[in-house]
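Grab a coffee and open the viewer. Below are some short exercises, each with a worked solution to follow at your own pace.

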Amino acid sequence: MPFVRISLRKGKSPDYLMALADNIQRALVETFDVPENDRFQAIHQHDENELIFDRSYLAGPRSDDFVYISITIGRPRTGEMKAALYRRLADLLAQSPGLRPEDVMVVISTSAPEDWSFGNGIAQMTDPDWRLRVAGGRQ
């Protein structure tokens, strides 16, 4: 049940944005045990002066194509799973939409089950019967 926020500078085509979003979801499915239809993403496009980043801090050099990916997850993942996600994201995003690995920054945050409501004014994951209603028991 990750929620993904994708931040980048304005000016990319709809096809570029879809390739970016699709490959982020693909990496999550392949490395984080996320069901394919568990997809919640928001793309934030910024003017040049609204997305501020150091071009060389701990990686780089970064270009104007820099993308910041913030992933909020419920169930914690192992360090190995996180490392696999970082590698897979860099590989897939290099293939399409053509991002350089130096331009991909990822931050993962973990939250508690009561921090999520998927609608109807309830916290579904705190409902004792929720796991019985979810296909395959995945969350």
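## Exercise 1: The surroundings of helix 2

The buried residues of helix 2 are covered by, among other parts, helix 1 (14-32), strand 3 (67-73) and strand 4 (104-110). Keep in mind that this is a predicted model.

**Task.** Work out which residues of helix 2 are buried, and check whether the length of helix 2 agrees or disagrees with the expected span.

**Solution.**
- Step 1: Pick out the residues in helix 2 with under 20% relative accessible area, the cut-off for buried. In helix 2 these are Leu85, Leu89, Ala90, Leu92 and Leu93.
- Step 2: Take the helix limits, residues 79-95, which give 17 residues.
- Step 3: Allow 1.5 Å a residue; the span of helix 2 should then be 24 Å. The expected span is 1.5 Å times one less than the number of residues.
- Step 4: Compare with the model, where the end C-alpha atoms of helix 2 are 25 Å apart, so the length agrees.

## Exercise 2: The whole fold

**Task.** Describe the protein in outline: what pattern does it follow along the sequence, and what percentage of its residues count as buried?

**Solution.**
- Step 1: Count the elements: three helices and four strands.
- Step 2: Put them in sequence order, and you read β-α-β-β-α-β-α.
- Step 3: Look at the dimensions. Along the principal axes, the C-alpha atoms fill a box of roughly 50 × 30 × 25 Å.
- Step 4: Turn to burial: 38% of the 139 residues count as buried.
- Step 5: Look at contacts with a separation of 6 or more. Residues 24 or more positions apart account for 73% of them.

## Exercise 3: A charged side chain in strand 1

**Task.** Find arginine 9 and decide: is it buried or exposed? Which side chain does it meet in a polar contact of 2.8 Å?

**Solution.**
- Step 1: Locate arginine 9 in strand 1 (residues 3-9).
- Step 2: Check its relative accessible area, which is 13%. Because that is under the 20% cut-off, arginine 9 counts as buried.
- Step 3: Look for the polar partner. The side chain of arginine 9 is joined to that of aspartate 64 by a polar contact of 2.8 Å.
- Step 4: List the other company. Beyond its neighbours within four places in sequence, arginine 9 also has contacts that include Gln45, His46, Glu48, Leu51, Phe53 and Arg55.
- Step 5: Now try asparagine 49, in the loop between strand 2 and strand 3. Its C-alpha is 9.2 Å from that of arginine 9, with their positions 40 residues apart in sequence. At 61% relative accessibility, asparagine 49 counts as exposed.

## Exercise 4: Backbone oddities

**Task.** Which bonds are cis at glycine 60 and proline 61 and at serine 96 and proline 97, and where do residues other than glycine have a positive phi?

**Solution.**
- Step 1: Recall the background. Most residues other than glycine have a negative phi, and most peptide bonds are trans.
- Step 2: Glycine 60 and proline 61 are joined by a cis peptide bond with omega about 10°. Proline 61 belongs to the loop between strand 2 (41-46) and strand 3.
- Step 3: Serine 96 and proline 97 are also joined by a cis peptide bond, with omega about 20°. Proline 97 sits in the loop between helix 2 and strand 4.
- Step 4: Aspartate 33 has a positive phi, near 60°. You'll find aspartate 33 in the loop between helix 1 and strand 2, partly exposed at 34% relative accessibility.
- Step 5: Leucine 58 has a positive phi too, near 60°. Leucine 58 lies in the loop between strand 2 and strand 3 and is exposed, with a relative accessible area of 75%.

## Exercise 5: The second largest pocket

**Task.** How many nonpolar, polar and charged residues are in the lining of the second largest pocket?

**Solution.**
- Step 1: Start with the space in this pocket, about 180 Å³.
- Step 2: Collect the lining: Phe53, Asp54, Tyr57, Leu58, Ala59, Arg62, Phe66, Pro101, Glu102, Val104 and Met105.
- Step 3: Sort by class, and you get eight nonpolar, no polar and three charged residues.

Key:
Residues numbered from 1 in each chain as written. Predicted model: local features only at pLDDT ≥ 70, side-chain atom pairs only at ≥ 80, totals over all residues. Heavy atoms only, no water. 1 Å grid on protein atoms, 1.4 Å probe; cavity = no way out; pocket = protein on both sides within 12 Å on 5 of 7 lines; lining within 4 Å. Points joined across faces, edges and corners; volume = space filled by probe spheres on them. Nonpolar A, V, L, I, M, F, W, Y, C, P; charged D, E, K, R; others polar. Helix = DSSP H or I, 4+ residues; strand = E, 2+ residues; numbered from the N terminus. Buried < 20%, exposed > 50% of the residue type's maximum accessible area, 1.4 Å probe, protein only. Polar contact = N/O pair within 3.5 Å; in protein donor to acceptor, adjacent residues only side chain to side chain. Contact = heavy atoms within 4.5 Å.
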